[in-house]
Amino acid sequence: MPSFTVYKGSDSGKIVKAETTRPDLKNDDVLVRITASGVCGTDEHYKHADMALGHEGAGVVEDVGPGVTSLKKGDRVGWGYEHDSCGHCEYCLSGREQYCPERKMYGMADTDQGSFASHGVWREAFLFKIPDALTDVEAAPLMCGGATVFNALHATGVKPTDRVGVMGVGGLGHLAIQFASKMGCDVVVLSGTDNKKEEAMKLGAKDFIATKDKKEIDVGRKIDVLVVTTSVMPDWNVILPALAPTAAIIPLTVSEGDFTIPQNPLILGGHTVHGVAVSARAVHRQMLAFAALHNIKPIVMKFPMTADGIEEAMGTLRDGKMRYRGVLVPQ
Ligand SMILES: [Zn+2]
Ligand SMILES: [Zn+2]
């Protein structure tokens, strides 16, 4: 029975080191030794829960169950938010398994293990081979952050001729800029201040608009697809006039509040608001291949995979000081 170290949340929010023991590997179970884990905003939501944290894992296959066919010891793999689904419902059969009624996701299932850990046991069917062009540290943030923004663009059917607005330059935003610009889109970044302008332009943005305290903004060519990655929703009265007719709005931030938007401009503009949850596995694979082909890489800050290192990484993210994705690496 594999036993390994995990790092959990706790009542007080302090990170606690613990041991997990899993049953012997069965069926398509794979034991992964973790070499890197991204730190995502969603981890913050669970820091008060008695559960193992982390869902942007990357590592090396250490052992395989009897039913594993495509992975072997030594392969580099990653995993993300979803661990399992039924495999036979309409959503699974149509490549939308992230909406399977029996899905197993971070925070809701397998809470005895996560990617803030020394190892994990996950189904082969929900592991992704890491392309050679990406290191484990580069691949980890793609497992949730990268998959989420790529899927948002994929789900709205973004075209190379579209103008894509990326609101917020952080863990998700800095990846969204790269993916959209490599897809051929005309990318405009909306950010509070000019602080991140130079970086955003280097990542592929064509324009950069500082929005703080503005009552109106001039984005030039209007936005067809708006990806919102900020932790707080924008003042829609300022943003809606910058959208092209029939624009798609994709709010990606997971927050507890309601989504409110002025109705008249939404209806008269023919806009749609898309909810998108991580990505299906087929799209996730395409994302990894696309990132490898186009040299799309997260900009990371590294922290040690220890209780203190995790606290420091989560604190950096909380304080808005992460540039742009935290990655935990074993010592
Ligand atoms: Zn995440
Ligand atoms: Zn299903």
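Which residue of β15 is the bridge partner of Ile249? In this predicted model, the bridge partner of Ile249 in β15 is Val273. The two strands involved, β14 (residues 243–251) and β15, pair in the parallel sense over two bridges. They belong to an open sheet of six strands with parallel pairing, in which the order is β12-β11-β10-β13-β14-β15. Because β12 (207–210) and β15 (272–273) each have a single partner strand, they stand at the edges of the sheet, and one side of each is left without a neighbour there. As background to this arrangement, strands of a sheet pair through backbone hydrogen bonds, and the pairing may be either parallel or antiparallel.

Helix α9 comprises 14 residues, 281–294, and reaches 20 Å from its first C-alpha to its last, which is close to the 20 Å expected at 1.5 Å a residue. Its buried residues are Val283, His284, Met287, Leu288, Phe290 and Ala291. These cover an arc of only 165 degrees around the axis, so they lie on the same side of α9. Such a pattern can be read with the helical repeat in mind: an α-helix has 3.6 residues a turn, so residues three or four places apart point the same way. The buried residues of α9 pack against β9 (128–129), α4 (145–155) and α5 (173–182), whereas Ala282, Arg285 and Leu293, on the other side of the helix, are exposed. Just after α9, Asn295 takes a positive phi of about 60 degrees.

Attention may now be turned to the metal site. The protein donors of the zinc ion (ligand 1) are Cys40 through SG, His55 through NE2 and Cys144 through SG, and they lie 2.0 to 2.2 Å from the ion. In sequence, these donor residues are spaced C-x14-H-x88-C. Within this set, Cys40 and His55 link distant parts of the chain, being 15 residues apart, with Cys40 in the loop between β3 (29–39) and α1 and His55 in the loop between α1 and β4.

Both Cys40 and His55 are buried; His55 is counted as buried because its relative accessibility is 0%. The loop that holds His55 runs between α1 (41–45) and β4 (57–64). The side chain of His55 also makes a polar contact, at 3.0 Å, with the side chain of Asp43. When residues up to four places away in sequence are not counted, the residues that His55 touches include the other two zinc donors, Cys40 and Cys144, and among them are also Trp79, Gly80, Tyr81, Tyr106 and Ser115.

Terms used. Residues are numbered from 1 along each chain as its sequence is written. Chains are lettered from A and ligands numbered from 1 in the order in which they are written. This is a predicted model: local features need pLDDT of at least 70, side-chain atom pairs count only at pLDDT 80 or more; totals for chains, interfaces and linings use all residues. Side-chain values use heavy atoms; hydrogens and water are left out. Helices (H or I, at least four residues) and strands (E, at least two) are DSSP runs, numbered from the N terminus. Buried means under 20% relative accessible area, exposed over 50%, partly exposed in between (1.4 Å probe, protein chains only). A polar contact is a pair of N or O atoms within 3.5 Å; within protein, one must be able to donate a hydrogen and the other to accept it, and residues adjacent in sequence count only if both atoms are side-chain atoms. Contact means heavy atoms within 4.5 Å. Two strands pair if DSSP finds at least two bridges between them. The expected span of a helix is 1.5 Å times one less than its number of residues. The arc is that of the directions from the helix axis to the C-beta atoms. Donors are N, O and S atoms within 2.8 Å of the metal (3.2 Å for Na, K and Ca); water is not among the atoms, so sites may look incomplete.
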